[in-house]
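Visitor: I've never looked at this one before. Could you walk me through a few spots?

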Amino acid sequence: MGFLFKDKTVYILSSEKWGTMRISKHHYAIELAERGNEVYFIEPPDLNNKGIRIVPSGEHASLYVVKYRPIYRGKRFLPGFIYRVLIWGQITYLRKAIGKLPDVVWCFDPYRFLNLTWFKAPVSIFFAADLFSQHFLPEESLTADICFGVSDSIIDLLKLTGKNVQFINHGLNRFFAETATGYLSELKNDQSHPKEDITVGYVGNLLMEAPDRETMRQVITAHPNIKFIFWGQYEKEGNLVAFNNPQVFAFIEFLRSQPNVILRGAVHPSVLSEECKKVDIFWLCWQLNISKIWDGSNSHKVMEYLSTGKPVVSHYISTYKDSNLVDMLKTRDNSGYADLFARVVRRVKEGEPVDRQRERIIFSMSNTYQSHISSIEALVARQCS
């Protein structure tokens, strides 16, 4: 029958910790555990840890979180050979602490573990859910059996490895898939419904580098009669990376001060999928090319937005450039964003076309994490047979 993601021991190498906020690596870990695998979610190292601890995830009985203190410090001061020996030793300690050799090592974390063959897993996967540094390829991608990327620009970079490289879009988690089924059943006719009071939703880490905060200020200020709800991390205490810049925290204070803004913070996906039902429009407004690891080519939250059937107003996203799924700018310049946002608001007030809502929902439901794992399973089977 070939390779199956079933009854396997899987190591997930993550660049983010386990926690309330969930993105692709967390959802893949959960779905792999649901399939009957024993999954070890290996967090990035933390000096506050003592040794190596393996704790239940609290999400699934077969999903464990591995927390560890690094055996080395000062990477940039170490000779290359010494650093590689220390990484090999770190991997050896992790394998011994877990006590089960991996059948699959699935790496979401570039540049940390270097050589995936050191895990001695029969199958190794490099999955680029985010853009990595364009200056040099991660050694993890060069030593994997197969590579996956979530956008055209990532795929182009990974092709330089000479490996088998495949596109897999961001996924839809099981909670949003369930509510999407409900949305679809409600769209029984083609009659649109005008809206007077508009609620706009944003889901994501507000402490990340990418948001175009100045444009978002302008939009919020220009629409005092619209309610803006923000779900996601806005304080440093969270499991996702915080960009430590005064502008970030000044923007958070601006949001706190606005009477038409609600900061909900990080919530579990089961709660988020229910609370998003109250939203009429979702938005993304990020700066492109401000970072060497961010180019706006895709975002995991788009799939969740689309699953509601509601319009998504966005900066330019190359993954969706040839579709009508997202109301986005056609250029990489955000100067026209406020006008685009206002046009979508007017359209929703008049009544969003039902056929467009249905198209968004159907697309998202074809991209669940369960279906992606089945696709990856088939591709791995062909690669490793």
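**A first tour**

Guide: Sure, and keep in mind that this is a predicted model. Let's start in a loop: Tyr111 sits between β5 (104–107) and β6 (123–128).

Visitor: What phi does Tyr111 have, given that it is not a glycine?

Guide: Most residues other than glycine have a negative phi. Tyr111 is not a glycine, yet its phi is positive, at about 75°.

Visitor: And Lys120, where is that found, and is it buried or exposed?

Guide: Lys120 is found in the loop between β5 and β6. It also has a positive phi, about 60°, without being a glycine. For the second part, the cut-off for exposed is over 50% relative accessible area. Lys120 has 59% relative accessibility, so it counts as exposed.

Visitor: Let's go to helix α10. How far does it reach from its first C-alpha to its last?

Guide: Helix α10 covers residues 337–350, which is 14 residues. At 1.5 Å a residue, 20 Å is expected, and the helix comes close to that with a reach of 20 Å.

Visitor: Which residues of α10 are buried?

Guide: Buried here means under 20% relative accessible area. In α10 the residues that qualify are Tyr337, Leu340, Phe341, Ala342, Val344, Val345, Arg347 and Val348.

Visitor: What comes just after α10 with a positive phi?

Guide: Look just past the end of α10 for a phi of about 125°. The residue that takes this positive phi is Gly351.

Visitor: Arg347 was on that buried list. Which residue forms a salt bridge with Arg347, with the closest N and O atoms 2.8 Å apart?

Guide: A salt bridge needs a side-chain nitrogen of Lys or Arg within 4 Å of a carboxyl oxygen of Asp or Glu. Arg347 has its partner at 2.8 Å, between the closest N and O atoms. Both Arg347 and that partner are buried. The partner is Glu352.

Visitor: Which residues are joined into one network by salt bridges that share partners?

Guide: Glu352 also meets Arg360 in a salt bridge, at 2.7 Å from N to O. Arg360 is buried, as is Glu352. Salt bridges with shared partners make one network out of Asp327, Arg347, Glu352, Arg356 and Arg360.

Visitor: How many salt bridges does the structure hold?

Guide: Another example is the pair Glu235 and Arg256, whose closest N and O atoms are 3.6 Å apart. Glu235 lies in the loop between β10 (227–231) and α7 (246–257) and Arg256 in helix α7, so the pair ties together parts 21 residues apart in sequence. Glu235 is partly exposed at 40% relative accessible area, and Arg256 is partly exposed at 43%. In the structure, the number of salt bridges is 19.

Visitor: What about open spaces? Which element supplies the largest share of the lining of the second largest pocket?

Guide: The second largest pocket has a volume of about 430 Å³. Among its 23 lining residues, those closest to the centre are Glu186, Leu187, His193, Lys310 and Gln357. Both α5 (174–186) and α11 (354–365) supply at least two lining residues. The largest share, five residues, comes from α5.

Visitor: Which element gives the largest share of the lining of the largest cavity?

Guide: The structure holds one cavity of 30 Å³ or more, and the largest cavity has about 50 Å³ of space. Its lining is made of Arg22, His27, Ile30, Glu31, Glu59, Asn173, Arg174, Phe175 and Pro269. At least two of the lining residues come from α1 (24–34), and at least two from α5. The largest share, three residues, belongs to α1.

Visitor: How much separates the C-alpha atoms of Gly36 and Leu63?

Guide: Gly36 lies in the loop between α1 and β2 (38–42), and it is partly exposed, with a relative accessible area of 38%. Along the chain, Gly36 and Leu63 are 27 residues apart. The separation of their C-alpha atoms is 10.0 Å.

Visitor: One last stop on the surface: which residues form a nonpolar patch with about 300 Å² of accessible area together?

Guide: One member belongs to helix α2 (residues 80–98), namely Ile82. Patch residues need over 30% relative accessible area, and Ile82 is partly exposed at 39%. The full patch is Phe81, Ile82 and Val85.

Conventions
Residues numbered from 1 in each chain as written. Predicted model: local features only at pLDDT ≥ 70, side-chain atom pairs only at ≥ 80, totals over all residues. Heavy atoms only, no water. Patch = residues over 30% accessible without salt bridge, like charges linked within 9 Å, V, L, I, M, F, W, Y side chains within 5 Å. Areas by Shrake-Rupley, 256 points an atom, 1.4 Å probe, with all protein chains shown as cover. Helix = DSSP H or I, 4+ residues; strand = E, 2+ residues; numbered from the N terminus. Buried < 20%, exposed > 50% of the residue type's maximum accessible area, 1.4 Å probe, protein only. Expected span 1.5 Å × (residues − 1). 1 Å grid on protein atoms, 1.4 Å probe; cavity = no way out; pocket = protein on both sides within 12 Å on 5 of 7 lines; lining within 4 Å. Points joined across faces, edges and corners; volume = space filled by probe spheres on them.
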